Amino acid sequence: MKALPNKVFKALSNPQKKEIWSTPNEDKLLFLKSDFKVGGVETFKCGPEGALDFRGSIYYLDIIKNERIVYSETVYYKKDKLATALITTELKKNNSFTIVN
């Protein structure tokens with residue numbers, strides 16, 4: 001990414017910014033709750049405008065500012081559980097860029 005790790009981390013930790021860039025195409029994402037800290041929980045709804053039938057929850061397990069975010073995420077469609085994942089996002093500085101793993 002053409003930004004330093006502190007700016008990328010700030011974007012990853014801000015629900016209003018994630019609502020803008022986290023969805024594919026014309027879909028919408030709406031955070032209902034956001035508590036970005038170790039042990040914190042985020043809940044959200046997403047889907048096509050007017051039909052936010054997907055919902056999910058994120059549980060933050062480990063956060064090292066400007067370096068790493070570890071969380072689990074579960075996504076549902078209506079009442080059906082679609083997936084649960086354990087996600088680690090690492091931010092590595094490379095000159096004036098950030099490599100996101």
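**Architecture and local geometry of the predicted chain**

Asn94 is partly exposed, with a relative accessible area of 35%. In this predicted model, the residue belongs to strand E5. A residue distant in sequence is Ala3, which lies 91 residues from Asn94 along the chain; the C-alpha atoms of the two are separated by 9.8 Å.

The chain as a whole comprises two helices and six strands. Read from the N terminus, the order of these elements is α-α-β-β-β-β-β-β. The radius of gyration is 14 Å, close to the 13 Å given by the globule rule for 101 residues, so the chain is as compact as a globular protein of that length. Along the principal axes, the C-alpha atoms occupy a box of roughly 45 × 30 × 20 Å. Buried residues make up 31% of the 101 residues of the chain. Of the contacts with a separation of 6 or more, 28% are between residues 24 or more positions apart.

The exposed surface of the chain amounts to about 6,700 Å², of which carbon and sulfur atoms supply 52%. The chain carries 17 positive and 12 negative charges, and the mean positions of the two sets are 5 Å apart.

The pairing of the strands may be followed in sequence order. Strand E2 (residues 41–47) is antiparallel to E3, and six bridges connect the two. Within this pair, Lys45 has Arg55 of E3 as its bridge partner. Six residues separate the strands in the hairpin of E2 and E3, where Gly50 adopts a positive phi near 85°.

Strands E3 and E4 are likewise antiparallel, and 10 bridges join them. Gly56 is placed opposite Val75 in E4. The hairpin of E3 and E4 has three residues between the strands. The loop in question connects strand E3 (54–64) with strand E4 (68–77) and contains Asn66. Phi of Asn66 is positive, near 65°, although the residue is not a glycine. With a relative accessibility of 25%, Asn66 counts as partly exposed.

Towards the C terminus, strand E5 (residues 80–94) and strand E6 (residues 97–100) run antiparallel and are joined by four bridges. In this pair, Lys93 is matched with Thr98 of E6. The hairpin of E5 and E6 has two residues between the strands. Asn95 is located in the loop between E5 and E6, and has a positive phi of about 60° while being a residue other than glycine. The relative accessible area of Asn95 is 64%, and the residue is therefore exposed, the threshold being over 50%.

The helical part of the chain includes helix H2 (residues 15–21), in which Lys18 is placed. The relative accessible area of Lys18 is 8%; because this is under 20%, the residue counts as buried. Apart from neighbours within four places in sequence, Lys18 is in contact with Ala11, Leu12, Leu29, Phe31, Glu42 and Tyr60. Among these partners, Glu42 falls within the residue range of strand E2 (residues 41–47), and Tyr60 within that of strand E3 (54–64).

Note on methods: Residues are numbered from 1 along each chain as its sequence is written. This is a predicted model: local features need pLDDT of at least 70, side-chain atom pairs count only at pLDDT 80 or more; totals for chains, interfaces and linings use all residues. Side-chain values use heavy atoms; hydrogens and water are left out. The radius of gyration is taken over C-alpha atoms; the globule rule is 2.2 Å times the number of residues to the power 0.38. Buried means under 20% relative accessible area, exposed over 50%, partly exposed in between (1.4 Å probe, protein chains only). Contact means heavy atoms within 4.5 Å. Accessible areas come from the Shrake-Rupley method with a 1.4 Å probe; for residues, only the protein chains shown count as cover. Lys and Arg count as positive and Asp and Glu as negative; His and the chain ends are not counted. The place of a charge is taken as NZ of Lys, CZ of Arg, CG of Asp or CD of Glu. Two strands pair if DSSP finds at least two bridges between them.
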